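Visitor: I'm new to protein structures, and a whole model is a lot to take in at once. Could you choose one part and walk me through it slowly?

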Amino acid sequence: MENTFEPLEEGRVWYIAYGSNMSTSAFQVLRNCTPKRAVVVHVPQYVLSFNVKGVAYKEPCWSSIIKLNENATEEEKRDLWESSCPGLPYEGKLPPSLIAVAYDLSLDDFTKKVVWTEAGFSYQDLSCAYATVDVDCRVLEPQELSSSSQVYTENSIWNLDLEEPIETTKSQFNEMVAKAKEDNNPEIEKVASVILGILDKGERPIPPSPLKCTKQGQKSFLSKGFTHLKGKALIAVPTAVEKNLWPSERYLAKIRNGANENGLPDAYKHHLHSLQFFQIRSWKKFLMSGALLKQVEVVWAKLSQTIAQSAKDGKQLPKEFAKEMDDLQKSINAKEPVLCQYIGSGWRTDD
């Protein structure tokens, strides 16, 4: 069957989300993006990777994509595996090709909220710099999707009745922020605080049910006679990448959660659940890395407060925050080679 590509109306773009942006809380709340449609796609020419260096001992890496080379040498295959499959032994084969969520976005949303982050600065302002790449995607058949599910605690946000009066909803989210602080759960606290900022302006932050991929949505797309779409994805620039990095448990959980929410195929979800995450397994490593990261926590707490306030005021954060965070990240990472000799790697779990 010949590939047929859906033409998008002017001023819109298919954004291909493969990492934490598959998660509804990350994409539709924190980034405040409102996609018109969402479908699950196969991107056969790329694989998911974890090769963008983050913060040692805390968030060792971020995700990206790498182009597949079917004629790769054995050494190139091994390098690709180590960049894409943290903690899994190399078995002489290529990683599975990319399955992702395609969001139908306005060009304005894509430019200001994806290429430019929700914090108001561009990825190009950071060491973990990304560029955009055009990709051809096959839209999956409805039967290829698994049943969607919600398994992580951040989804408690969607269990609240957002049709209640705004004051009632604000009370619910205030309780959620207080509970998140008590449980030391910064992920819930950040999301709930952003929503509170929107509620304080008398606006509804999100629909009662955030947009997710469904078998009916896949069927609706394919019923028009189109099988493929042309999208835009973020890809790390060469200077930002490094192999053999392991994601944090928090970050990998967000990706798995997005896959569950949107019903990605079972085989791909199984692959995501087989990946290993960074862990600190000794008290010495826990205490010494904790002391190093104290300065990060202070700045990140300040950043989270400013994000919440900016949401209330309807403003973006200044670029100076990007530079402050980037300089701090470089400072932490510069100490890792010395610390590694005493407490182990800050990029992957030690044996």
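**Strands and their surroundings**

Guide: Let's start with D136, whose bridge partner in β7 is K230. Before we go on, keep in mind that this is a predicted model: local features need pLDDT of at least 70, side-chain atom pairs count only at pLDDT 80 or more, and totals for chains, interfaces and linings use all residues. Residues are numbered from 1 along each chain as its sequence is written, and side-chain values use heavy atoms, with hydrogens and water left out.

So what are these labels? Helices (H or I, at least four residues) and strands (E, at least two) are DSSP runs, numbered from the N terminus. Two strands pair if DSSP finds at least two bridges between them. In general, strands of a sheet pair through backbone hydrogen bonds, either parallel or antiparallel.

Back to our starting point: β6 and β7 (residues 228-236) run antiparallel and are joined by 9 bridges. On another side of the story, β6 (residues 130-139) pairs with β2 (residues 38-43), again in the antiparallel sense, over 2 bridges. There, H42 stands opposite R138 of β6. Follow β2 along and you meet β5 (residues 98-106): these two run antiparallel with 6 bridges between them, and A38 stands opposite Y103 in β5.

Now put the pieces together. 5 strands close into a barrel, in the order β1-β5-β2-β6-β7, with mixed pairing. On average, neighbouring strands of this sheet are turned by 50° against each other, direction ignored. (For angles, axes are lines fitted to C-alpha atoms, for helices over the stretch in contact, and angles run from 0 to 180 degrees between N-to-C directions.)

A helix comes in here too: α3 lies across β1, β5, β6 and β7, and runs at about 120° to β5. Contact, by the way, means heavy atoms within 4.5 Å.

Next, look at the rings. Rings of Phe, Tyr and Trp (its six-membered ring) pair if their centres lie within 6.5 Å; planes under 30 degrees apart count as stacked, over 60 as edge-to-face, and the rest as tilted. The whole structure holds 7 aromatic pairs in such a search. One of them is Y15 with F110: the ring centres are 5.9 Å apart and the planes sit at 50°, so this pair is tilted. It ties together distant parts of the chain, since Y15 sits in β1 (residues 12-17) and F110 in α3 (residues 107-115), 95 residues apart. Buried means under 20% relative accessible area, exposed over 50%, and partly exposed in between (1.4 Å probe, protein chains only). At 4%, Y15 is buried, and F110 is buried with a relative accessible area of 4%. Another pair, W81 with Y90, is edge-to-face, with 6.2 Å from centre to centre and 65° between the planes. W81 is buried at 6%, and Y90 counts as buried at 17%.

Remember Y103, the partner of A38? Y103 belongs to one aromatic cluster together with Y15, F27 and F110. And K230, where we began, lies over the face of F5, 4.3 Å from the ring centre. (A charge sits over a ring if NZ of Lys or CZ of Arg is within 6 Å of the ring centre and within 35 degrees of the ring normal.)

Let's step over to a hairpin. β3 (residues 46-55) and β4 (residues 59-67) pair in the antiparallel sense over 7 bridges, with S49 matched to S64 in β4. 9 of the 10 residues of β3 are buried. The hairpin has 3 residues between its strands, and Y57 in that turn has a positive phi of about 75°, although Y57 is not a glycine. Y57 is buried too, at 4%.

Y57 also leads us onward, because K285 touches Y57, and its other contacts beyond four places in sequence include F278, G290 and D350. K285 sits in helix α9 (residues 283-313) and counts as buried, at 2% relative accessibility.

Finally, what follows β7? In the loop between β7 and α7 you find N244, which has a positive phi of about 65° although it is not a glycine; N244 is partly exposed at 28%. As for α7 (residues 249-261), 11 of its 13 residues are buried, so this helix is largely enclosed by the rest of the structure. After α7 comes G263, with a positive phi near 70°.
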